[in-house]
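Reader: I would like a close look at one part of this protein, the packing in its interior. Please also say what lies around that part.

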Amino acid sequence: MWILDNLPLVVPIPRTEGEGPPIYQLGFHVGLKGQYTGSKVQKYFLHNHLSFTVKFHKDEETNSARIVGFEVTPFSVKHGYEGKWSENTRLSTCDPHAKRLVTSSNSPLEVEDKQEIIFTYDVEFQESEVKWASRWDTYLLMTDDQIHWFSIVNSLMIVLFLSGMVAMIMLRTLYRDIARYNELESQEEAQEETGWKLVHADVFRPPSNSNLLCVYVGTGVQFLGMVVVTMIFAVFGFLSPSNRGGLMTAMLLLWAFMGIFAGYSSVRLYKMFKGTEWKKIALQTSFLFPAAVFIIFFVLNALIWDQKSSGAVPFGTMFALVFLWFGISVPLVFVGSYVGFKKPAIEDPVKTNKIPRQIPEQAWYMNPIFSILIGGILPFGAVFIELFFILTSIWLNQFYYIFGFLFIVFIILLVTCAEITVVLCYFQLCSEDYLWWWRAYLTSGSSALYLFLYAAFYFFTKLDITKPVSGALYFSYMFIASYGFFVITGTIGFYACFLFTRLIYSSVKID
């Protein structure tokens, strides 16, 4: 990346409507693919001349100037000169002494084997009215705010629809159910009960693979805390774009320090399931997610090293990441686990029978796989428009710094995950199926599957990546992002159902 006075090099692209400031593209293309006029044969051309524009603002009080802009316009030029090349050779196509400057690519340089390539550049200094304190404003100017507002309105419509369903369940159906259950007097009436009260003696029975569920809930709490605090910092402007890498550094540090909440929440849930080996849960919480991500990251970095790319992460940075993991995150997970285990266990609002109740045959639409996949559609629908801009900023070198919009969409995502999981959990309990623990986590967590599928769609429709290593890099990083999205959304859905079930079963009389 080209940088001048901490400003990245950008290519100004005029707007199609011709009004307003240009759109900035981060960096420039090394070349382009095209054809000569009247020919249909595709050729490759190299950008071998760079026309730099350095913008500066002059302070009248101090009579000093500071750089406020760094732009470039790339050209492809087939340079010409007379005689043999030497130190004193003057180009016929680019000669500052004769004031011949490159202004177009009318005679482009075609990429050929064993061809001589001459690289040139020119620099122009322009005085600008932009003050030094506001120089990043033009870089971060939002050009498509209407689309972002449309995204938020679209997401709010989903939230309002779900909120209406939750309100109907909570205020009408549940109120009527609880009133009817509490008015039952005779044993004969009690035997004729139907609906969610029938499974009261099984609804808080520990699920299968309960240890793994505890670990995933703790990991989700760690990620959720990291994302929320990072977004709050970004919204209030603490993460300046001039501090390159500041966002990623903040996220990694916060992830490490949020380990204490991961250990606390996983062991609290584990103790509720009558577990006693809290150190084992703390160890699994410390290693399950980070180890999987680190292995993928290390393999990818080895592939980049093999390609001799400058994008490979150096050994010192890898060591710092391992130190964050083992030196900060793991000890904090154990501290949180110890505190969580010393606290009194969470009491169930109703007693659990020793013999599990038989679950009746379910309708086709209550099939676990079907309901889980359906549950992930709405949370993904609430964020997929904003997701397009995030992917574009990561993979197509565009600026993304509209964290205000992103924070609103994130809040909508939280509400959507909670509401869709509560609605489907209520329908599940009404059909006398009490195995809700894992389904609650997977219902909202399945939105990560749609995120990964959308990333694959974006790869084949928007990106022009042909190298296998680059493709592996893309899909591996998107898998890590989807995995993180899974634990966040799954944890939100789980806690929403956890509170919902405790609320409704603590509101009825149980004989």
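Author: What follows starts with the main nonpolar core and then moves to the cysteines, a pair of helices and two loop residues. The model is predicted.

The largest nonpolar core contains 85 residues. Those with the most contacts inside this core are Leu429, Trp436, Trp437, Tyr441, Val487, Phe494 and Tyr505. Helix H13, residues 468-505, gives the most to this core, with 16 residues. Take Tyr505 as an example. Leaving aside residues up to four places away in sequence, Tyr505 touches Trp196, Lys197, Val199, His200, Val203, Phe204, Pro349, Val350 and Leu429. Leu429 is itself among the residues with the most contacts inside the core. Another core lies apart from this one and has 13 residues, including Leu7, Val11, Leu26 and Trp136.

Next come the cysteines. The number of disulfides is zero. A disulfide is a covalent bond between the sulfur atoms of two cysteines. Cys425 is in no disulfide, and the nearest cysteine sulfur, that of Cys497, is 3.6 Å away. The cut-off for a disulfide is a pair of cysteine sulfur atoms within 2.5 Å, so this pair is not counted. Cys425 counts as buried because its relative accessibility is 3%, and buried means under 20%. Cys214 is buried too, with a relative accessible area of 0%.

Two helices can be described as a pair. The axes of helix H5, residues 259-272, and helix H7, residues 315-342, come within 6 Å and cross at roughly 35 degrees. The crossing of H5 and H7 is right-handed. From H5, the residues in contact are Gly259, Ile260, Gly263, Tyr264, Val267, Arg268 and Lys271. They meet a set of residues in H7, among them Ser329, Leu332, Val333, Gly336, Gly340 and Phe341. Sorted by class, this contact of H5 with H7 has eight nonpolar, six polar and three charged residues.

Past H5 comes a loop. Lys274 lies in the loop between H5 and helix H6, residues 278-306. Its phi is near 70 degrees, a positive value in a residue other than glycine. Lys274 counts as exposed because its relative accessibility is 67%.

Asn6 also has a positive phi, of about 70 degrees, although Asn6 is not a glycine. Asn6 is found in the loop between strand S1, residues 3-4, and strand S2, residues 7-8. Its relative accessibility is 28%, so Asn6 counts as partly exposed.

Technical notes: Residues numbered from 1 in each chain as written. Predicted model: local features only at pLDDT ≥ 70, side-chain atom pairs only at ≥ 80, totals over all residues. Heavy atoms only, no water. Axes fitted to C-alpha atoms, helices over the stretch in contact; angles between N-to-C directions. Helix = DSSP H or I, 4+ residues; strand = E, 2+ residues; numbered from the N terminus. Left-handed = near helix turned anticlockwise from the far one by under 90°. Contact = heavy atoms within 4.5 Å. Nonpolar A, V, L, I, M, F, W, Y, C, P; charged D, E, K, R; others polar. Buried < 20%, exposed > 50% of the residue type's maximum accessible area, 1.4 Å probe, protein only. Core = buried A, V, L, I, M, F, W, Y, C linked by side-chain atoms within 4.5 Å.
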